Each structure stands twice: as C-alpha cells, then as structure tokens.
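Let's take a walk through this fold, going from the inside out. Keep the model open as you read, and click along.

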Amino acid sequence: VKGCPAYEDVRQPSMDDFDLDKYQGKWYEQKFHDWTQFKEVYDTTLDIKLTPDRQGWIDDFGVKGPAPDSAKLSWDKSPVANGAHYFLFGRVDANDPPGILREKGFGVEFPDYIVDVKKDPTTGEYTEAIQFQCLERGGVRVFEGINFMSRNPVMTDDELTAMHQRAKAAGMYPYGAAPEQMHTVARRGVDEPKIDNNW
C-alpha cells in the first residue's frame with residue numbers, strides 16, 4: 001500500500017450520525033502507531049475541545065515520561081514526571097463529512113480521520129475511538145498515525161483485541177493497526193500520588 005485511503009474506505013458504520021460535541025472531552029490513549037511519538041512516554045491523554053465558533057478545535061495532548069519500565073533508575077526524577085502539555089490545533093471544514101478533523105503538523109495540514117467509535121448502550125456517549133492520520137506526497141505515503149483511545153484509563157485485553165478487530169474490519173492493518181505494529185501506552189494507577197521529582 002503506497003498512498004493514503006479515502007475516508008469512505010476506512011469509515012465504519014458506527015460513525016453514522018456522528019456527533020462532534022460528544023467527541024469532545026478527555027480521552028486516554030491506549031495504543032498508538034506513530035514514529036513521531038516517543039514510546040518512552042506514559043499516561044498519555046488527549047483533551048479535545050471545539051472553539052466557540054465551532055470552526056476549529058484544540059487538542060491538549062498530555063504526556064508523562066519517561067515510563068518507569070523504560071528508565072528504572074531515573075524516571076521519578078524527570079522534569080515531566082508529573083506531566084507536560086502540548087497543544088495541537090486544527091479546524092473543522094464544513095466541506096468534510098462528519099468524522100474528519102483537519103490537523104496541523106510537519107508544517108502542513110492533513111486530515112485526522114475518526115474511523116470508529118463505540119457507544120455506551122444506555123447513554124449513547126462515546127466510550128472508545130479509533131483515529132487515523134495519513135499524509136502522502138506524490139502518491140507515496142510519508143506518514144501514518146493510528147490512535148486507540150478510551151474514556152477509561154485502563155482497558156482489558158479483550159477490549160483492546162476488539163479494537164484491533166474493528167481496525168482490521170476498517171482495512172487499517174496495512175497502515176500499522178495490527179497488534180505487533182502498535183505500542184501499548186504504559187500507565188500508573190489513577191489513584192497513585194504525584195511524584196516527588198525534586199533532586
């Protein structure tokens with residue numbers, strides 16, 4: 001596979017009647033495929049908000065690092081042991097179908113596809129989501145990014161396996177969504193105290 005797929009090639013039926021307002025809020029990144037993202041970080045979150053005019057969006061990308069298992073002797077003295085925030089900006093294009101957000105990176109703008117969402121059967125709120133970013137030049141893919149996200153900090157193995165199956169059904173395995181191609185984000189317990197990272 002050389003280039004990037006069209007949105008309709010990967011979009012899943014769960015995206016019918018997609019509500020961008022419900023997509024706002026805090027997401028916990030569970031797995032990713034992205035060579036620009038450090039594997040040593042942990043407790044990664046994305047807090048997505050629409051701008052007041054609803055023509056743009058802001059993603060508060062939160063990370064901590066390095067993960068305890070990747071730097072056993074020094075992780076708790078890192079200056080970002082208690083988190084750092086990077087703000088990503090994009091826009092909502094009225095000409096795009098619901099489920100596409102325009103994102104800025106690498107000095108260019110490219111689409112961020114929301115491929116699949118899982119809904120709470122009672123409330124209809126979105127509980128899981130699969131995002132896919134792809135950039136090509138001259139018909140050749142130069143970047144792809146895939147994010148498995150949940151409203152819960154922790155997911156079971158069965159829940160993650162089900163996400164992989166949904167990504168496979170979307171035709172995303174050739175782009176990096178297979179289990180062996182994705183990195184699992186490490187997490188500390190949600191009730192763990194803040195880290196004393198003073199030297």
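Leaving aside its neighbours within four places in sequence, which residues is V115 in contact with? Before the reply, a reminder that this is a predicted model. Beyond its sequence neighbours within four places, V115 touches V10, R11, Q12, M15, I130, F132, A170 and M172.

**The cores**

V115 also turns up in the largest nonpolar core, a set of 37 residues. The members with the most contacts inside that core are F18, Y23, V115, V117, F132, I146 and M172. Strand 7, which covers residues 126-137, gives the most to this core, namely five residues. There is a second, separate core as well, made of six residues, with Y42, A71, W75 and I195 among them. As general background, nonpolar side chains in soluble globular proteins tend to be buried together.

Now have a look at A167, which sits in helix 3 (residues 157-169). Is A167 buried or exposed? A167 counts as buried, because its relative accessibility is 0%. Apart from residues within four places in sequence, A167 makes contact with I130, F148, M172, Y173 and A177. A167 and A129 are 38 residues apart along the chain, and their C-alpha atoms are separated by 10 Å.

**Around E144 and Y175**

Next stop is E144, in strand 8 (residues 140-150). This residue has 14% relative accessibility, so E144 counts as buried. Which side chains does E144 join through polar contacts? One is H33, with a polar contact of 2.9 Å between the side chains. Another is R141, where the side-chain polar contact with E144 is 2.6 Å. Skipping sequence neighbours within four places, E144 is in contact with H33, D34, F132, Q133, C134 and Y175.

That last name leads to Y175, in the loop between helix 3 and strand 9 (183-184). Y175 counts as buried because its relative accessibility is 10%. Residues up to four places away in sequence aside, Y175 touches V1, G3, P5, H33, F132, R141, E144 and I146. So H33 and R141, which each have a side-chain polar contact with E144, are also touched by Y175. Between Y175 and F143 there are 9.5 Å from C-alpha to C-alpha, with the two 32 residues apart in sequence.

**Two pockets**

Here are the two pockets side by side.

| Pocket | Volume | Lining residues closest to the centre | Lining by class |
|---|---|---|---|
| Largest | about 630 Å³ | D34, T36, Q37, F61 and L88 | 14 nonpolar, seven polar, eight charged |
| Second largest | about 410 Å³ | K26, Y28, D43, T45 and K64 | six nonpolar, six polar, nine charged |

The largest pocket is lined by 29 residues, and the second largest pocket by 21. Which element gives the largest share of the lining of the largest pocket? Strand 3 does, with five residues. In the second largest pocket, the largest share again comes from strand 3, this time with four residues.

As for the other contributors, strand 2 (42-50), strand 3 (56-64), strand 4 (84-91), strand 5 (100-105), strand 6 (108-119), strand 7 and strand 8 each give two or more residues to the lining of the largest pocket. For the second largest pocket, strand 1 (25-33), strand 2, strand 3 and strand 4 each supply at least two lining residues.

**Backbone oddities**

Most residues other than glycine have a negative phi, and most peptide bonds are trans. With that in mind, where is there a cis peptide bond? It joins G65 and P66, with omega at about -5°. P66 belongs to the loop between strand 3 and strand 4.

D17 is not a glycine, yet its phi is positive, at about 60°. You'll find D17 in the loop between helix 1 (7-10) and helix 2 (20-23). At 75% relative accessibility, over the 50% cut-off, D17 counts as exposed.

D43 also has a positive phi without being a glycine, and here the value is near 55°. D43 lies in strand 2 and is one of the residues closest to the centre of the second largest pocket. Is D43 buried or exposed? With 12% relative accessibility, D43 counts as buried.

Technical notes
Residues are numbered from 1 along each chain as its sequence is written. This is a predicted model: local features need pLDDT of at least 70, side-chain atom pairs count only at pLDDT 80 or more; totals for chains, interfaces and linings use all residues. Side-chain values use heavy atoms; hydrogens and water are left out. Buried means under 20% relative accessible area, exposed over 50%, partly exposed in between (1.4 Å probe, protein chains only). Contact means heavy atoms within 4.5 Å. A polar contact is a pair of N or O atoms within 3.5 Å; within protein, one must be able to donate a hydrogen and the other to accept it, and residues adjacent in sequence count only if both atoms are side-chain atoms. A nonpolar core is a set of buried Ala, Val, Leu, Ile, Met, Phe, Trp, Tyr and Cys residues joined through side-chain atoms within 4.5 Å. On a 1 Å grid over the protein atoms alone, a cavity is a set of points where a 1.4 Å probe fits but cannot get out, and a pocket is an open set with protein on both sides within 12 Å along at least five of seven lines; lining residues have an atom within 4 Å of a point. Grid points are joined across faces, edges and corners, and a volume is the space filled by probe spheres set on the points. Ala, Val, Leu, Ile, Met, Phe, Trp, Tyr, Cys and Pro count as nonpolar, Asp, Glu, Lys and Arg as charged, and the others, Gly among them, as polar.
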